[in-house]
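Reader: I'm new to reading structures and get lost when everything is shown at once. Could you pick one strand and take me through it slowly, with a bit of the surroundings as well?

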Amino acid sequence: MEQRRRIGAFGVLRDSEGRVLLARGAARCPYPGVWQLPGGGVEHAEHPADTVVREFAEETGLTVAPGAIRAAVADVAAFRAEDVAMHTDRLIFEVEARGGRLRPEPAGGSDEVGWFAPGEAAALPLMPFTADLLGLPVSPLPADLPRGLPVGPAGPAADRRQRFAAYGLVTDPAERVLLTMIADGYPGAGRWHLPGGGTDHGEQPAAGLLRELVEEAGQLGRVVDLIAVDNLHNPAALGPEGRPLDWHGVRVIYRVRVDAPTDAVVTELAGGSTARAAWFAPEKVTGLSMTDVAARATGRRVT
């Protein structure tokens, strides 16, 4: 079965009574008749927060303002007619309504929208990620549910890439910060970067980060919370063998604690992209040459 990836962004919108807004998939959707948080696939070069604004307008008629990132989860669904296993990384934001009039999507993406209290939502057929986020029991979708393969980001597959990754602002009990240096031959070579990297097919974002932390620095950590989403679009990146590549990276950033730090050592599993790893006292971070995402995460200006 072919393995594919996509990234989706969704929003949690509540009314004054604490009810949550849900949308039901229409016949043309991958999961017709199933309710979920409003949202959808992240287009190429689109920031996930902008995806939420666009999808809310399309699916519900409402204008919303995205707030803090609330969760990052992944799931895999089998589309047997196409012989595809689709891994979806889902980013969920808190949102506030700013205007508009509630209605389903005219083009048929959502055939019904409505406000639901937790007890009411529990009686609906829910997408598993929606049920889990609402604190409701998660039930498998019906096996006979007619499914259509979700559409991925537009553009020629050979010239465009969209990648999901998880990184960490990693500290120890002495408040030292763990950073990794990018190896020669990779974008940003010689700069200090946050530990982390791309997640594997079927892997949860937080689990992928902790795996990378072991591979890149030999540390065992625990995820404390999710703090940000970073978006990187480079339309003139260089791919394998120097071929031009339109690159879009979506990166979630977690706060991670290493309770029993050891000397930072890069293992062979790091794949060659990490030259070295090291712990830095807070006052030592200021003068380092860092990637933009590392500089922002540590509260320093990009150098």
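Author: Sure! Let's start with how the chain folds back on itself: among contacts between residues at least 6 apart in sequence, 71% join residues at least 24 apart. Keep in mind that this is a predicted model. The chain has six helices and 14 strands. Its radius of gyration is 20 Å, close to the 19 Å that the globule rule gives for 303 residues, so the chain is as compact as a globular protein of that length. The C-alpha trace spans about 55 × 45 × 35 Å along its principal axes, and 48% of the 303 residues count as buried.

Now for the strand I'd pick: E9, which covers residues 177-182. Is E9 mostly covered or mostly open? Mostly covered, with six of its six residues buried. To see how that works, follow the side chains. In a regular strand, side chains alternate between the two faces of the sheet. In E9, Val-177, Leu-179 and Met-181 point one way, while Leu-178, Thr-180 and Ile-182 point the other way. Whichever way they point, all of these residues are buried.

Next, who pairs with E9? Take strand E8, residues 160-171, which pairs with E9 in the antiparallel sense over two bridges. Thr-171 is the residue standing opposite Val-177 of E9. E8 and E9 make a hairpin, with five residues between them. Have a look at Glu-175 in that turn, where phi is positive, at about 65°.

Then there's strand E14, residues 274-280, far along the numbering. E9 and E14 pair in the antiparallel sense, over six bridges. Here Thr-180 stands opposite Ala-277 of E14. Strand E10, residues 192-193, also runs antiparallel to E9 and is joined to it by two bridges. Thr-180 turns up again, and in E10 its bridge partner is His-193. If you want one residue to click on, try Thr-180: it is buried, it faces Ala-277 in E14, and it is bridged to His-193 in E10.

For some surroundings, go back towards the start of the chain. Four strands form an open sheet there in the order E4-E1-E6-E5, with mixed pairing. Strands E4 (39-41) and E5 (62-79) stand at the edges with a single partner strand each, so one side of each has no neighbour in the sheet. From one strand to the next, the twist averages 20°. E1, residues 2-12, runs antiparallel to E4, and three bridges join them. One residue pair to find is Phe-10 with Gly-39, its bridge partner in E4. Helix H1, residues 48-60, lies across E1, E4, E5 and strand E6 (84-100), and it runs at about 90° to E5.

One last stop, this time in a loop. Leu-124 sits between helix H2 (118-122) and helix H3 (128-133). Leaving out residues up to four places away in sequence, Leu-124 touches Leu-22, Trp-35 and Phe-116. For a sense of distance, Leu-124 and Val-256 are 132 residues apart in sequence and 36 Å apart in space, C-alpha to C-alpha.

How values were computed:
Residues are numbered from 1 along each chain as its sequence is written. This is a predicted model: local features need pLDDT of at least 70, side-chain atom pairs count only at pLDDT 80 or more; totals for chains, interfaces and linings use all residues. Side-chain values use heavy atoms; hydrogens and water are left out. Two strands pair if DSSP finds at least two bridges between them. Axes are lines fitted to C-alpha atoms, for helices over the stretch in contact, and angles run from 0 to 180 degrees between N-to-C directions. Contact means heavy atoms within 4.5 Å. Buried means under 20% relative accessible area, exposed over 50%, partly exposed in between (1.4 Å probe, protein chains only). The radius of gyration is taken over C-alpha atoms; the globule rule is 2.2 Å times the number of residues to the power 0.38.
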